[in-house]
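Q: I have just opened a structure that is new to me, and I would like to talk it through step by step. Could you help me find my way around?

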Amino acid sequence: MNRWFGRPWLSLVVAGTWLLANNSAAPGHLVLAALLGLLLPGLTYAFWPDAPSLRRPIPALRLMIVFAYDVLIANLRVARLVLGPNDRLRPAFLEVPIEIEDAFGVAVLASMITLTPGTLTVYFRESSSVLVVHALDVDDETAAIAEIKRRYESPLRKALGC
């Protein structure tokens with residue numbers, strides 16, 4: 001029983017991610033989201049020997065709201081940049097020093113960055129705990145790094161307790 005229903009937060013995240021990715025709450029998507037939310041945690045159980053636990057759900061919920069908002073705004077910004085003149089683009093590689101030590105936390109942070117339009121996690125330099133991130137348009141590299149740490153890393157550390 002624990003194998004299939006032991007990770008309710010993961011089930012909610014999987015179902016919510018499906019609905020957000022498809023931008024639909026149609027009945028078919030709701031059913032598929034529920035099925036994926038119930039089945040995927042059980043099917044991937046063997047891959048999670050030290051299952052991460054959500055230490056503080058309220059910061060996690062806030063992080064999800066901030067992330068959803070950022071994805072929406074980033075979509076609009078990237079659309080404007082892509083449709084505009086290319087000489088306005090200021091791409092950059094950012095080296096983001098991170099304090100998260102847990103492998104799952106690093107993977108979640110890297111995924112959040114990659115899922116936000118206009119940014120992509122390129123590499124994790126484990127020896128120095130640095131995420132190398134490519135950003136499509138950067139005014140100030142120091143400010144961009146600080147924003148990633150403030151909006152994503154800090155709340156993620158609180159939520160996961162890492």
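A: What follows goes from the overall layout to the core, a helix pair, the salt bridges and two single residues, and it should be kept in mind throughout that the model is predicted.

Q: OK, basics first. How many helices and strands does the chain have?

A: The chain has 6 helices and 3 strands, and along the sequence they come in the pattern α-α-α-α-β-α-β-β-α.

Q: And what does the C-alpha trace span along its principal axes?

A: The C-alpha trace spans about 55 × 40 × 25 Å along those axes, and of the 162 residues in the chain, 28% count as buried.

Q: What share of the contacts join residues at least 24 apart?

A: If one takes the contacts between residues at least 6 apart in sequence, 70% of them join residues at least 24 apart.

Q: Now the inside. Which residues of the largest nonpolar core touch the most other members?

A: That core has 22 residues, and the ones that touch the most other members are L94, V96, L109 and L131. Two or more residues come from each of α4 (57-83), β1 (92-97), α5 (103-115), β3 (130-135) and α6 (141-160), with α6 giving the largest share, 6 residues. As a general background, nonpolar side chains tend to be buried together in soluble globular proteins.

Q: Let's pick L94. What is L94 in contact with?

A: Setting aside neighbours within four places in sequence, L94 is in contact with L131, V132, V133, A135, V138, E141, A144, I145 and I148.

Q: Switching to the helices near the start: at what angle do α2 and α3 pack?

A: Helix α2 (residues 8-22) and helix α3 (residues 27-43) pack at an angle of about 145°, and their axes are 8 Å apart. The crossing of these two helices is right-handed.

Q: Which residues make that contact?

A: From α2 the contact takes L10, S11, V14, A15, W18, L19 and N22, while α3 brings H29, L30, L32, A33, L36, G37, L38, L40 and P41. Sorted by class, this contact has 12 nonpolar residues, 4 polar residues and no charged ones.

Q: So where are the charges? How many salt bridges are there in the whole structure?

A: A search of the whole structure finds 7 salt bridges. In one of them the side chains of D70 and R151 meet, at 2.7 Å from N to O, and this pair links distant parts of the chain, with D70 in helix α4 and R151 in helix α6, 81 residues apart.

Q: Are D70 and R151 buried or exposed, and why?

A: D70 counts as buried because its relative accessibility is 12%, and R151 is also buried because its relative accessible area is 19%, the cut-off for buried being under 20%.

Q: What about D137, which partner does it have?

A: D137 forms a salt bridge with R90, and the closest N and O atoms are 3.0 Å apart. Here too distant parts of the chain are linked, since D137 is in the loop between β3 and α6 and R90 in the loop between α4 and β1, 47 residues apart. D137 is partly exposed, with a relative accessible area of 29%, and R90 is partly exposed as well, with 38%.

Q: And E99, what does it pair with?

A: E99 forms a salt bridge with K149, with the closest N and O atoms 3.9 Å apart. E99 lies in the loop between β1 and α5 and K149 in helix α6, 50 residues apart. Salt bridges that share partners also join E99, K149, E153 and R157 into one network.

Q: Last topic, the backbone. What is the phi of S129?

A: S129 has a positive phi of about 50°, although it is not a glycine. For comparison, most residues other than glycine have a negative phi. S129 is found in the loop between β2 (119-125) and β3, and counts as partly exposed at 24% relative accessibility.

Q: Which residues does F124 touch?

A: Not counting residues up to four places away in sequence, F124 touches I98, V106, S129, V130 and L131. F124 has its place in strand β2 and is partly exposed, with a relative accessible area of 26%.

Q: How far apart are F124 and L94?

A: F124 and L94 are 30 residues apart in sequence and 12 Å apart in space, taken from C-alpha to C-alpha.

Terms used
Residues numbered from 1 in each chain as written. Predicted model: local features only at pLDDT ≥ 70, side-chain atom pairs only at ≥ 80, totals over all residues. Heavy atoms only, no water. Core = buried A, V, L, I, M, F, W, Y, C linked by side-chain atoms within 4.5 Å. Buried < 20%, exposed > 50% of the residue type's maximum accessible area, 1.4 Å probe, protein only. Helix = DSSP H or I, 4+ residues; strand = E, 2+ residues; numbered from the N terminus. Contact = heavy atoms within 4.5 Å. Axes fitted to C-alpha atoms, helices over the stretch in contact; angles between N-to-C directions. Left-handed = near helix turned anticlockwise from the far one by under 90°. Nonpolar A, V, L, I, M, F, W, Y, C, P; charged D, E, K, R; others polar. Salt bridge = Lys/Arg side-chain N within 4 Å of Asp/Glu carboxyl O.
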